[in-house]
Amino acid sequence: MNRKAILSCVVLFAMMLSKMVFAQEQPLIQIGIKGGSSINKLNTELADLDDKYAMGLHVGGMARVNLGRAYIQGEALFSKRKAALKPQGQTETKLKWNAIDIPVMVGYKIYQQQDMNFRLFAGAVYNYTLNDNLSPLKAIKEGVKHFDKSNVQFTGGLGVDIQKFSIDVRYERGFSDLSKSFKSKPQAFSIGVGYFIF
């Protein structure tokens, strides 16, 4: 065997070894941090009260279990939510409340490459409201006397992962009303950006 043939074999072997060493398989468990913004709305059944969207923020942590193309993801988020209500003939009032959100979602990677994938997901969000001093409006104050601080919501959306970064766009809607006396199922659109630490 001449030198060129030996050199070619060495180069080929080095390339194969390099691919084996540097090929990064997706880890079974990933843990990271995330933050983002949302626009929230309280859908009311009161004819004299217009409900509108207002912007809020969220920050927290996330954990994902990868099962091939499928995955399960759980999060713990602190959210500062806002919504707007406008009684007829009055000025618009902003409602502000803080909450802990715990989403649990099942997803599927519809397109998957080594450093990028596109995902679909759906699941549920347990929402616990930390304060119920929502509004100076008398109608709302009366409605939230028996405010249900625990609420379960549906969530679904699209996501993309680029290396260790993760971007999600979601829709959320409550399964139940905020209280028996205030018929309102909250809904929100949100975008979140996360980073997997490991």
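## Accessibility and the overall fold

A residue is called buried under 20% relative accessible area, exposed over 50%, and partly exposed in between. Phenylalanine 189, at 40% relative accessibility, therefore counts as partly exposed. The structure discussed here is a predicted model.

The protein has two helices and eight strands. Along the sequence, these elements follow the pattern α-β-β-β-β-β-α-β-β-β. The protein holds 198 residues, and 37% of them are buried.

## Aromatic pairs

A pair of aromatic rings is described by the distance of the centres and the angle of the planes. The count here comes to four aromatic pairs. One of them joins tyrosine 53 and phenylalanine 189, with ring centres 6.2 Å apart and planes at 55°, so this pair is tilted. Tyrosine 53 belongs to strand E2 and phenylalanine 189 to strand E8, so the contact ties together parts that are 136 residues apart in sequence. Is tyrosine 53 buried or partly exposed? Its relative accessibility is 34%, so tyrosine 53 counts as partly exposed.

Tyrosine 111 and phenylalanine 118 form another of these pairs. Their ring centres lie 5.9 Å apart and their planes meet at 50°, so this pair is tilted. Tyrosine 111 is partly exposed, with 40% relative accessibility. Phenylalanine 118 is partly exposed too, at 37%.

Ring pairs also build a cluster. Its members are Tyr53, Tyr171 and Phe189.

## A charge over a ring

Arginine 64 places its charged end over the ring of tyrosine 71. The distance to the ring centre is 4.6 Å.

## The largest nonpolar core

In soluble globular proteins, nonpolar side chains tend to be buried together. Which residues make up the largest nonpolar core in this model? There are five: Leu42, Ala83, Leu85, Leu95 and Trp97. Two elements, E3 and strand E4 (93-112), give two or more residues to this core.

Leucine 95 deserves its own look. This residue is found in strand E4. Its relative accessible area is 0%, and the limit for buried is under 20%, so leucine 95 is buried. Arginine 81 is 14 residues away from leucine 95 in sequence. In space, the two are 8.1 Å apart, C-alpha to C-alpha.

## Cavities

Rolling a probe the size of a water molecule over the atoms shows where empty space is left. In this model there are two cavities of 30 Å³ or more. The largest has a volume of about 130 Å³.

Which residues lie nearest the centre of the largest cavity? They are His58, Leu77, Arg170, Glu172 and Ser190, out of a lining of 15 residues. By class, the lining divides into four nonpolar, five polar and six charged residues.

Several strands share in this lining. Strand E1 (29-44), strand E2 (49-67), strand E3 (70-87), strand E7 (165-174) and strand E8 (184-196) each supply at least two residues. E8 gives the most, with four.

## Strands that recur

Some strands turn up in more than one of these features. Strand E8 holds phenylalanine 189 of the tilted pair, and E8 also gives four residues to the lining of the largest cavity. Strand E2 holds tyrosine 53 and supplies at least two residues of that lining. Strand E3 gives two or more residues to the largest nonpolar core and at least two to the lining of the largest cavity.

Methods
Residues are numbered from 1 along each chain as its sequence is written. This is a predicted model: local features need pLDDT of at least 70, side-chain atom pairs count only at pLDDT 80 or more; totals for chains, interfaces and linings use all residues. Side-chain values use heavy atoms; hydrogens and water are left out. On a 1 Å grid over the protein atoms alone, a cavity is a set of points where a 1.4 Å probe fits but cannot get out, and a pocket is an open set with protein on both sides within 12 Å along at least five of seven lines; lining residues have an atom within 4 Å of a point. Grid points are joined across faces, edges and corners, and a volume is the space filled by probe spheres set on the points. Ala, Val, Leu, Ile, Met, Phe, Trp, Tyr, Cys and Pro count as nonpolar, Asp, Glu, Lys and Arg as charged, and the others, Gly among them, as polar. Rings of Phe, Tyr and Trp (its six-membered ring) pair if their centres lie within 6.5 Å; planes under 30 degrees apart count as stacked, over 60 as edge-to-face and the rest as tilted. Buried means under 20% relative accessible area, exposed over 50%, partly exposed in between (1.4 Å probe, protein chains only). A charge sits over a ring if NZ of Lys or CZ of Arg is within 6 Å of the ring centre and within 35 degrees of the ring normal. A nonpolar core is a set of buried Ala, Val, Leu, Ile, Met, Phe, Trp, Tyr and Cys residues joined through side-chain atoms within 4.5 Å.
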